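Q: I would like a close look at a single part of this model. Please describe how that part is built, what lies against it, and how the rest of the chain is arranged around it.

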Amino acid sequence: MAVPLQITFRDFEPSDAVRARIEEEAEKLAHYHPRILSVRVVLEQPNKHRTKGNPFRAVIAIELPGEDVEVSRHPGTQSAHEDIYVCIRDAFDEARRRLGDRKERQRGAVKHHEAQSRPTAQPRS
């Protein structure tokens, strides 16, 4: 099943190789949740530092029936996100984890702990 996909590039020139990698990763998402309605990916390079490198940022919004999943990978202090492919990989890894968690919750496979009642304090005499 082809997942409807929208890709947006901000603050840098788009590349066919990057677009192909995103399409490949988006197709893999269907294995983790079969009812994906659409996927929106925004890649940006918000800071233009000459001495600190240019880390990338990825935001993935996955539209599902009932609830959407959004993943945002900010570069922070990770110099690894200066490589756009590492940033894409990390963002889609997180998206797969969240989709798997959501699917488990829907199936009822996640344990729910009952609230334990605490004994009430007895008034001191």
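A: The answer below starts with the overall layout, then turns to helix 1 and its surroundings.

The model is a predicted one. Its chain holds two helices and four strands, and along the sequence these elements follow the pattern β-α-β-β-β-α. The chain has 125 residues, of which 34% count as buried. Among contacts between residues at least 6 apart in sequence, 59% join residues at least 24 apart.

The four strands make an open sheet, ordered 1-2-3-4, with mixed pairing. Strand 1 and strand 4 (residues 69–73) are its edges, each pairing on one side only. From one strand to the next, the twist averages 10°. Between strand 1 and strand 2 the pairing is parallel and runs over six bridges; within strand 2, V42 is the residue that stands opposite T8.

Helix 1 covers residues 16–28, which makes 13 residues. At 1.5 Å a residue the expected span is 18 Å, and the end C-alpha atoms are 19 Å apart, so the length of helix 1 agrees with expectation. Four of its residues are buried: V18, I22, E25 and A26. Around the axis they cover an arc of only 100°, which means that they sit on the same side of helix 1. The general background is that an α-helix has 3.6 residues a turn, so residues three or four places apart point the same way.

What lies over that buried set? The cover includes strand 1 (5–10), strand 2 (38–44) and helix 2 (84–107). As for direction, helix 1 lies across strand 1 and strand 2, and its angle to strand 1 is about 145°.

The N-terminal end of helix 1 is capped by S15, with a side-chain oxygen 3.2 Å from the backbone nitrogen of A17. Before the helix comes the loop from strand 1, and D11 is placed in that loop. D11 has a phi near 65°, a positive value in a residue other than glycine. Its relative accessibility is 46%, which lies between the limits of 20% and 50%, so D11 counts as partly exposed.

The other side of the picture is helix 2, one of the elements covering helix 1. Helix 2 has 24 residues, and from its first C-alpha to its last it reaches 35 Å, close to the 34 Å expected at 1.5 Å a residue. At its start, a side-chain oxygen of D83 comes to within 3.0 Å of the backbone nitrogen of Y85. Helix 2 lies across strand 2, strand 3 (57–63) and strand 4, at about 150° to strand 4.

The buried residues of helix 2 include I84, V86, I88, F92 and L99, along with charged-type names such as D90, E94, R96 and R102. Their cover includes helix 1 as well as strand 2, strand 3 and strand 4. R96, which lies in helix 2, gives a specific link back to helix 1. With a relative accessibility of 12%, under the 20% limit, R96 counts as buried. Apart from neighbours within four places in sequence, R96 is in contact with E25, K28, L29 and Y32. E25 is itself among the buried residues of helix 1.

Strand 2, which also takes part in covering helix 1, contains E44. E44 is buried because its relative accessible area is 10%, under the 20% limit. The side chain of E44 is joined to that of R57 by a polar contact of 2.4 Å. Leaving aside neighbours within four places in sequence, E44 is in contact with R10, F12, P55, F56 and R57. P55, one of these partners, is in the loop between strand 2 and strand 3. P55 too is buried, with a relative accessible area of 12%. Although P55 and Q45 are ten residues apart along the chain, their C-alpha atoms are separated by 6.3 Å.

To put the part together: helix 1 has its buried residues on the same side, with strand 1, strand 2 and helix 2 among what covers them, and S15 caps its N-terminal end.

Methods. Residues are numbered from 1 along each chain as its sequence is written. This is a predicted model: local features need pLDDT of at least 70, side-chain atom pairs count only at pLDDT 80 or more; totals for chains, interfaces and linings use all residues. Side-chain values use heavy atoms; hydrogens and water are left out. The expected span of a helix is 1.5 Å times one less than its number of residues. Buried means under 20% relative accessible area, exposed over 50%, partly exposed in between (1.4 Å probe, protein chains only). The arc is that of the directions from the helix axis to the C-beta atoms. Contact means heavy atoms within 4.5 Å. A polar contact is a pair of N or O atoms within 3.5 Å; within protein, one must be able to donate a hydrogen and the other to accept it, and residues adjacent in sequence count only if both atoms are side-chain atoms. Two strands pair if DSSP finds at least two bridges between them. Axes are lines fitted to C-alpha atoms, for helices over the stretch in contact, and angles run from 0 to 180 degrees between N-to-C directions.
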